Amino acid sequence: MASASSKTLTDFFERAPKRMKPTLTTICKSDDANGSTLSVEQKSRIECNKLLAKSKKNLKICVERVSKCKGGYVKLEELLVEETWLEALPGEFEKQYAVNLSKFVETEICSGNDAVYPPSHLIFNALNSTPFHRVKAVILGQDPYHGPGQAMGLSFSVPEGVKVPPSLVNIFKELKQDLGYSIPPHGNLEKWALQGVLLLNAVLTVRKHQANSHAKKGWEQFTDAVIKAISQKKEGVVFLLWGNSAQEKSRLIDGTKHYILKAAHPSGLSASRGFFGCRHFSHTNQLLKERGIDPIDWKL
């Protein structure tokens with residue numbers, strides 16, 4: 001499974017520079033030594049390439065660390081390799097809850113009874129793909145998809161080639177209604193992550209075919225620490241909270257420094273009760289622009 005996931009990501013990295021087109025086309029002065037004039041699109045392309053390279057490097061490190069360990073598993077702290085998050089969460093893995101969590105996940109993976117998703121090298125994919133200093137928006141999910149091949153460490157996202165889950169189908173429907181974008185043929189949201197959208201689940205692992213099986217084991221405390229760090233150390237981040245579970249996290253967010261957008265969950269049971277028509281994608285970009293921050297290119 002690890003090699004298949006790696007291939008999916010490698011294919012994405014190779015295609016992404018052509019796909020990730022920024023929406024701004026105004027011309028600005030370059031700060032480079034030659035004093036040449038670069039468009040915002042060119043500057044964004046350069047920055048995008050840097051982020052792609054960094055994410056690919058982080059993924060490679062995780063794959064290598066997993067491959068060197070018996071049973072394909074390493075301690076959780078060795079799977080979070082993005083330095084900016086390690087700096088934002090100093091000492092978090094040394095806390096007793098994190099030690100217990102690491103032991104629990106290791107036991108689950110090494111038990112051999114059932115698979116644990118996502119693959120070990122993708123457990124912290126959300127953090128490893130979106131550096132702390134690049135976070136512009138946060139989309140909170142609950143726990144990973146529990147079907148084979150679905151979970152990839154990013155909330156609501158599935159690898160290309162995997163059937164798009166119902167909640168993500170509804171997200172795409174709202175995106176089309178909001179911004180007019182056609183519904184993509186795949187459910188891979190890595191493009192959003194690389195632009196600064198933290199796709200974070202409250203729980204980062206799950207047992208095969210058993211939703212919420214790794215809930216209340218310590219993950220919630222860790223991801224709460226992630227949200228608190230963003231709230232305390234950054235400003236102007238847009239939090240998209242869909243459903244009661246995500247909205248409960250608003251208690252961790254300083255609403256005087258950040259923006260909190262709430263809507264019903266995009267699942268088939270609740271999407272028509274307040275998710276459709278929320279226009280969170282255009283609203284997020286409007287808020288970012290008002291702060292002088294480049295908007296998200298939501299088109300996939």
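This is a walk through the structure above, going from the whole chain to a few of its local details.

Let us start with how far the model can be trusted. The structure is a predicted model, and the mean pLDDT of the chain is 86, with 81% of its residues at 70 or more. Residues 1-35 are a stretch to read with this in mind: their pLDDT is below 50, although in the model the stretch has 66 contacts beyond near neighbours in sequence.

Now for the overall build. The chain has 300 residues, and 53% of them count as buried. Its secondary structure comes to 10 helices and eight strands. If you look at contacts between residues at least 6 apart in sequence, 68% of them join residues at least 24 apart. The accessible surface comes to about 13900 Å², and carbon and sulfur atoms account for 50% of that area.

A good place to zoom in is helix α8, which runs over residues 219-233. From first C-alpha to last, its 15 residues reach 21 Å, close to the 21 Å expected at 1.5 Å a residue. Which of its residues are buried? They are W219, F222, T223, D224, A225, V226, I227, A229, I230 and S231. Several elements pack against these buried residues: helices α3, α4 and α5, together with strands β4, β5 and β7.

Two aromatic residues of α8 deserve a closer look. W219 and F222 are three residues apart in this helix, about one turn. An α-helix has 3.6 residues a turn, so residues three or four places apart point the same way. W219 has a relative accessibility of 0% and F222 has 2%, so both fall under the 20% cut-off and count as buried.

The chain has 13 aromatic pairs in total. In the pair made by W219 and F222, the ring centres are 6.1 Å apart and the planes meet at 80°, so the pair is edge-to-face. For another example, turn to F275 and F276, whose pair is tilted, with 6.1 Å from centre to centre and 55° between the planes. F275 counts as buried at 0% relative accessibility, whereas F276 is partly exposed with a relative accessible area of 34%. These two residues also belong to one aromatic cluster, together with F156, W192, W242, F281 and W298. A ring can have a charged neighbour too: K234 lies over the face of F132, at 5.4 Å from the ring centre.

Next, step back along the chain to the loop between β6 and α8, where H214 lies. Is H214 buried or exposed? Its relative accessibility is 0%, so H214 counts as buried. Leaving aside residues up to four places away in sequence, H214 touches F104, E108, V116, V203, T205, V206, R207 and W219. The last name in that list is familiar, since W219 lies in helix α8. The C-alpha atoms of H214 and P144 are separated by 9.8 Å, while the two residues are 70 apart along the chain.

The loop between β6 and α8 also holds N212 and K216. Most residues other than glycine have a negative phi, and most peptide bonds are trans. N212, however, has a positive phi of about 65° although it is not a glycine, and phi of K216 is near 60°, also a positive value. N212 is partly exposed, at 45% relative accessibility. K216 has a relative accessibility of 78%, which is over the 50% cut-off, so it counts as exposed.

The backbone has another detail to look for in the loop between β3 and α5, where P118 lies. Here the peptide bond from Y117 to P118 is cis, with omega near -5°.

Our last stop is helix α6, which covers residues 166-179. Its 14 residues reach 20 Å from the first C-alpha to the last, close to the 20 Å expected at 1.5 Å a residue. What covers the buried residues of α6? The cover includes helices α7 and α10 as well as strand β7. The buried residues themselves are S167, L168, N170, I171, F172, E174, L175 and D178. Strand β7 is thus a link to an earlier stop, as it also packs against the buried residues of α8. Just after α6, G180 takes a positive phi of about 80°.

Terms used: Residues are numbered from 1 along each chain as its sequence is written. This is a predicted model: local features need pLDDT of at least 70, side-chain atom pairs count only at pLDDT 80 or more; totals for chains, interfaces and linings use all residues. Side-chain values use heavy atoms; hydrogens and water are left out. Helices (H or I, at least four residues) and strands (E, at least two) are DSSP runs, numbered from the N terminus. Buried means under 20% relative accessible area, exposed over 50%, partly exposed in between (1.4 Å probe, protein chains only). Contact means heavy atoms within 4.5 Å. Accessible areas come from the Shrake-Rupley method with a 1.4 Å probe; for residues, only the protein chains shown count as cover. The expected span of a helix is 1.5 Å times one less than its number of residues. Rings of Phe, Tyr and Trp (its six-membered ring) pair if their centres lie within 6.5 Å; planes under 30 degrees apart count as stacked, over 60 as edge-to-face and the rest as tilted. A charge sits over a ring if NZ of Lys or CZ of Arg is within 6 Å of the ring centre and within 35 degrees of the ring normal. pLDDT is the predictor's confidence in each residue, from 0 to 100.
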